Amino acid sequence: MRAAIFVGQDLDLSVEDVTSTPPGARDVVVRIEASGVCHSDLSVIDGKLPVGAPCILGHEGAGTVEWTGSEVTRCNVGDRVILSLTPVCGACWHCLRQETHLCEMGSGVTAVQRAVRADGSTTGALSGLGTFSDSIAVHEASCIPVQTDLPADQLSLIGCGITTGLGAALNTAAVHFGATVAVIGCGGVGTSVIQGARIAGASQIIAIDPVEFKRSSAGHFGATNTIDPTDGDPVQQVLALTGGRGVDYAFEAVGAHDLIVQAISMTRKGGTTVLVGVPHWSTTVAVPILPLIIQDKSIKGSYYGSSRTTRDFPRFIQLVETGRLDLGSMVSRRLSLDEINDAFTAMKNGEVLRTVIV
Ligand SMILES: [Zn+2]
Ligand SMILES: [Zn+2]
């Protein structure tokens, strides 16, 4: 198999031929047909997320089942699957309470070594997935079979960015009809929050991003107002657009200290701030508590869109098939696995919503 491997902080991924380790009885070998390049992959490379090297990166993938272990029950050879960022074992404390995004199986899939490199060392796979590869074994708990004719590049986005953003709006916040919403950061995840808010029937969706192309694309996806934060304090700009009150729901989709503070400040009395962006692991934010209490404000973390992937992946596919969710416009660029480092350059330069490796 061929795979793009994280070999050390701030180094380019190494695209190599590697030998698969023997898959287990509950493993599924998936031919990866498309893999989105997500900001969290970059966060591994630049040290924001602590992950040991070597590791096959990529966690936003879709493909077709090529082989199943003797104890696999969830899917069959030939099935199309979207890989789930978190496994869904179906039997742990959280899965039994419909909180499958918090499934306790995590390390049971992420610690497995999936390939041997030319020098004899072994490598694991990010989130137990490693979708920056042409084919890889994953635990069946990470596989969600789907029945659709949508192209693989669109399906791959559902594996992380779409589910994280759409789920933050529809599951974590449960944006209500007629709500006012602000979204800080309009890349792949922020754009998905905007689409989720639009689908929920929000009356006002304010998109905030310093990059002009991201503001204009936010309008395409459903934003009713856009704010350039370099034009002046974005909190004051949001207050000016909301009668001085702030928004019902403010989403932070970047993971930056100052932007988290802004998101809390632009949330109205009685409103909810939703933290979606992944910050540096050491980030802390000091929040004055008394205003939170006397203004009845909530701050919520949102992991993987509080999603239940076995329910939500088919639901999101149906939204695409009926024209209510636009995934095609989110694929900015398609590159081959050998060109993967160019995808990170484009991401750092703010040139793309999503690059997909095909
Ligand atoms: Zn991701
Ligand atoms: Zn579980």
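Student: A62 stands opposite I82 in β7. What makes β6 and β7 a pair?

Tutor: Two strands pair if DSSP finds at least two bridges between them. Three bridges join β6 to strand β7 (residues 80-83), so the pairing cut-off is met. The two run antiparallel. Keep in mind that this is a predicted model, where local features need pLDDT of at least 70 and side-chain atom pairs count only at pLDDT 80 or more, while totals for chains, interfaces and linings use all residues. Residues are numbered from 1 along each chain as its sequence is written, with chains lettered from A and ligands numbered from 1 in the order in which they are written.

Student: How do you know that β4 and β6 pair too?

Tutor: Same test: strand β4 (residues 27-37) and strand β6 (residues 61-68) share seven bridges, in the antiparallel sense, with S35 opposite G61.

Student: Why are β2 and β3 called edge strands?

Tutor: The open sheet of six strands runs β2-β1-β5-β9-β8-β3, with mixed pairing. β2 (14-17) and β3 (19-20) each have a single partner strand, so one side of each lacks a neighbour in the sheet. A strand here is a DSSP run of E, at least two residues, and a helix is a run of H or I, at least four, both numbered from the N terminus.

Student: Why is E212, in helix α6 (residues 212-221), called exposed?

Tutor: Exposed means 12 or fewer other C-beta atoms within 10 Å of its own (buried is 20 or more, partly exposed in between), with C-beta atoms placed from the backbone. E212 has 11, so it counts as exposed.
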